[in-house]
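Hi,

Here is the structure I promised to pass on. Have a look at it first, and then read my notes underneath.

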Amino acid sequence: MNGNLGRNALRKRRRRNDPMRDFDALPLALRQWMAGAAMPWSPASCRRIWLRARSKGESVEAVLERLDRAERQCLGREQTGLVAQNLPTQPVAARSISKN
């Protein structure tokens, strides 16, 4: 039985951790950014970007702008028909996000 994956060439793997618990452990501003993201980011990758930028002294807004740029670059490389025009015109950092 194929389950809900159907037949595909993707490698099957088991998760070692709980992605929802990882998501809940993120800072509020980062969780809000992820909730509005145009692509499905993993909590681990967002946390890595967040911690690296914050350790360099970047502000919350600067980190969110960095994530916006990374997302635009990833979407630009996508070959699934998704184009940068589908992204919000206003960066996420400029939207109303509480800084808790």
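Below is what turned up when I went through it, starting with the helices and ending with the polar pairs.

One thing to keep in mind from the start: this is a predicted model.

**Helix α2 and what it packs on**

I'd begin with α2, which covers residues 28-35 and has Ala29, Leu30, Trp33 and Met34 buried. Looking down the axis of α2, those buried residues fall within an arc of 135 degrees, so they line one face of the helix. The general background is familiar: an α-helix has 3.6 residues a turn, so residues three or four places apart point the same way. And what does the buried side of α2 pack against? Its buried residues pack against α1 (19-24), α3 (43-55) and α4 (60-77).

**The core**

Next, the nonpolar part. The largest nonpolar core has 16 residues, and Trp33, Trp41, Trp50, Leu64 and Leu67 are the ones with the most contacts inside it. At least two residues of this core come from each of α2, α3 and α4, and α4 gives the most, with 5 residues. That fits the usual trend that in soluble globular proteins, nonpolar side chains tend to be buried together.

If you want a single residue to centre your viewer on, try Leu67. Leaving aside neighbours within four places in sequence, Leu67 is in contact with Leu30, Trp33, Trp41 and Ile49.

Two of those partners also pair with each other. The whole structure holds 1 aromatic pair: the ring centres of Trp33 and Trp41 are 5.6 Å apart and the planes sit at 65 degrees, and since over 60 counts as edge-to-face, that is what this pair is. Both Trp33 and Trp41 are buried.

**Cys46 and Ser45 in α3**

Cys46 lies in helix α3. Is it buried or exposed? Cys46 is buried, with a relative accessible area of 0%. Not counting residues up to four places away in sequence, Cys46 touches Leu30, Trp33, Met34 and Trp41, and Leu30, Trp33 and Met34 are among the buried residues of α2. Cys46 and Leu26 are 20 residues apart along the chain, with 8.8 Å between their C-alpha atoms.

Ser45 is found in α3 as well. Ser45 has a relative accessible area of 14%; the cut-off for buried is under 20%, so Ser45 counts as buried. The side chain of Ser45 makes a polar contact with the side chain of Ser42, at 2.9 Å.

**Salt bridges**

How many salt bridges does a search of the whole structure find? It finds 2.

- Arg21 and Asp18 meet through their side chains at 3.9 Å, N to O. The cut-off is 4 Å, so this pair is counted as a salt bridge. Arg21 is exposed, with a relative accessible area of 60%, whereas Asp18 is partly exposed at 34%.
- Arg66 and Glu58 form a salt bridge through their side chains at 2.2 Å, N to O. Arg66 is partly exposed, with a relative accessible area of 26%, while Glu58 is buried at 18%.

If you only have time for one view, I'd pick Trp33: it is a buried residue of α2, it is listed with the most-connected residues of the core, and it touches Cys46.

Cheers

Technical notes:
Residues numbered from 1 in each chain as written. Predicted model: local features only at pLDDT ≥ 70, side-chain atom pairs only at ≥ 80, totals over all residues. Heavy atoms only, no water. Buried < 20%, exposed > 50% of the residue type's maximum accessible area, 1.4 Å probe, protein only. Helix = DSSP H or I, 4+ residues; strand = E, 2+ residues; numbered from the N terminus. Arc of directions from axis to C-beta. Contact = heavy atoms within 4.5 Å. Core = buried A, V, L, I, M, F, W, Y, C linked by side-chain atoms within 4.5 Å. Phe/Tyr/Trp six-rings, centres within 6.5 Å; stacked < 30°, edge-to-face > 60°. Polar contact = N/O pair within 3.5 Å; in protein donor to acceptor, adjacent residues only side chain to side chain.
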